[in-house]
Amino acid sequence: MTRYSRITGTGSYLPPKRVTNAQLAAQLGERGIETSDDWIVERTGIRARHFAEPEVATSDLAVHAARNALEAAGRQASEIDLIIVATSTPDMVFPSSATILQNKLGVAGCPAFDLQAVCSGFVYALTVADSMIKSGAASKALVVGAEVFSRILDFTDRTTCVLFGDGAGAVVLEASDTPGILASDLHADGKHVEILCVPGTVFGGKVHGNPLLRMDGQAVFKLAVGVLEEAARATLAKAGKTEADIDWLIPHQANIRIMQGTAKKLKLPMDKLVVTVDEHGNTSAASIPLALDAAVRSGKVRKGDTLMLEGVGGGFTWGAVLLDF
Ligand SMILES: CC(C)(COP(=O)(O)OP(=O)(O)OC[C@H]1O[C@@H](n2cnc3c(N)ncnc32)[C@H](O)[C@@H]1OP(=O)(O)O)[C@@H](O)C(=O)NCCC(=O)NCCS
């Protein structure tokens, strides 16, 4: 019998501190940096984002999302035999946030590792977990996207600091004799490092270089729309499906205009697009599982629906996963 993988539960968590555009604009204004709710909404669709308190780490957000996903799947943490955390803002240089999460869940023994593909991290992690389940290396995986991007924002740069937020999303992915994940398509092209990066590093006991996010927004925008269409089409072709089979498009939540552009290219009506960027901002690797969980809990996404998840981000990395929920 063919072995597939299937999502059996979703969960998410946002830190309680919600910051509206108007609140952020007022804080930036005190430092002489001009922005407005109107500009942010019109250019990005973002109305608010959540910021974690300074003592809260990625694994703290991840543990809430993971517990919610485990509860939705009807599973105990002790039943999980693989933990992957997609993040670019880990708790520390090492060990991984995945091992810290494992300990916070009160379990030990199963493999746990972080996966770093920036905003494509969750589709990468889901694909790795799917492959490990199909190969028999795992049977019940916890796949998490969790970030505290507020830590790496330059609050003197209005072109980036209004775009991002903190949060975590998680799924339980289990072996199944029915699909599940139908196909996925992952890519990277390292020549685009410069257009979206955090170039600093730890060197000789000090931070060496700029440890804050830098982005050429227009270059990222152009690349994103093109590769998201390509990845969606390649994934549909691998699964022997067409756009008409997609019930919900759940793209990385970076900018409403990129998301609408992708839906349009795929000839999908806008009401098939799951949008949470308005309330979450761009939460990088957390954005897709956060959006998925919001759509599941609001009753939009139902069992049996066909979902196209799509990520794009620094690297450049991009990819898509098509699945029957
Ligand atoms: C960043 C982004 C919102 C900027 O939107 P844009 O329409 O391209 O805007 P521009 O960069 O052309 O800037 C237009 C003007 O707004 C100004 N501006 C930039 N940020 C601003 C802000 N927060 N508030 C007010 N004005 C701002 C610029 O300085 C520029 O002013 P100028 O015309 O006087 O030079 C858009 O490029 C984008 O979303 N890119 C993709 C980003 C992304 O998705 N990143 C994550 C990928 S994982």
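In this predicted model, a salt bridge joins the side chains of Arg-18 and Glu-279, with a distance of 2.9 Å from N to O. The two partners come from distant parts of the chain, Arg-18 lying in strand 2 (residues 18-20) and Glu-279 in helix 9 (residues 277-280), so that 261 residues separate them. Both positions are partly open to the surroundings: Arg-18 is partly exposed, with a relative accessible area of 40%, and Glu-279 is likewise partly exposed, at 30%.

A further salt bridge is formed by Glu-194 and Arg-214, whose closest N and O atoms are 2.7 Å apart. This pair also links distant parts of the chain, since Glu-194 is found in the loop between strand 8 (181-188) and strand 9 (196-197), whereas Arg-214 belongs to strand 12 (residues 214-215), 20 residues apart. Glu-194 has a relative accessible area of 55% and is therefore classed as exposed, the cut-off for that class being over 50%, while Arg-214, with 34%, is partly exposed.

Another pairing lies within a single helix, where the side chains of Arg-233 and Glu-229 meet in a salt bridge at 3.1 Å, N to O. These two residues are four positions apart in helix 7 (residues 217-239), which means that about one helical turn separates them. Arg-233 counts as partly exposed, with a relative accessibility of 31%. The pair is also part of a network of salt bridges in which Glu-229, Arg-233, Glu-243 and Lys-265 are linked. Such pairing is possible because side chains of opposite charge can pair when their charged atoms come close.

Across the structure, the count of salt bridges comes to twelve. The protein chain carries 31 positive and 36 negative side chains, and the centres of these two sets lie 2 Å apart.

The overall fold of the protein chain comprises ten helices and 15 strands. For 325 residues, a compact globule would be expected to have a radius of gyration near 20 Å, and the value of 19 Å computed for the protein chain agrees with this. The C-alpha trace spans about 65 × 45 × 40 Å along its principal axes. Among contacts with a separation of 6 or more, 77% are accounted for by residues 24 or more positions apart. Of the 325 residues, 55% count as buried, and the accessible surface of the protein chain comes to about 13,500 Å², of which 53% belongs to carbon and sulfur atoms.

Notes
Residues are numbered from 1 along each chain as its sequence is written. This is a predicted model: local features need pLDDT of at least 70, side-chain atom pairs count only at pLDDT 80 or more; totals for chains, interfaces and linings use all residues. Side-chain values use heavy atoms; hydrogens and water are left out. The radius of gyration is taken over C-alpha atoms; the globule rule is 2.2 Å times the number of residues to the power 0.38. Buried means under 20% relative accessible area, exposed over 50%, partly exposed in between (1.4 Å probe, protein chains only). Contact means heavy atoms within 4.5 Å. Accessible areas come from the Shrake-Rupley method with a 1.4 Å probe; for residues, only the protein chains shown count as cover. Lys and Arg count as positive and Asp and Glu as negative; His and the chain ends are not counted. The place of a charge is taken as NZ of Lys, CZ of Arg, CG of Asp or CD of Glu. A salt bridge is a side-chain nitrogen of Lys or Arg within 4 Å of a carboxyl oxygen of Asp or Glu.
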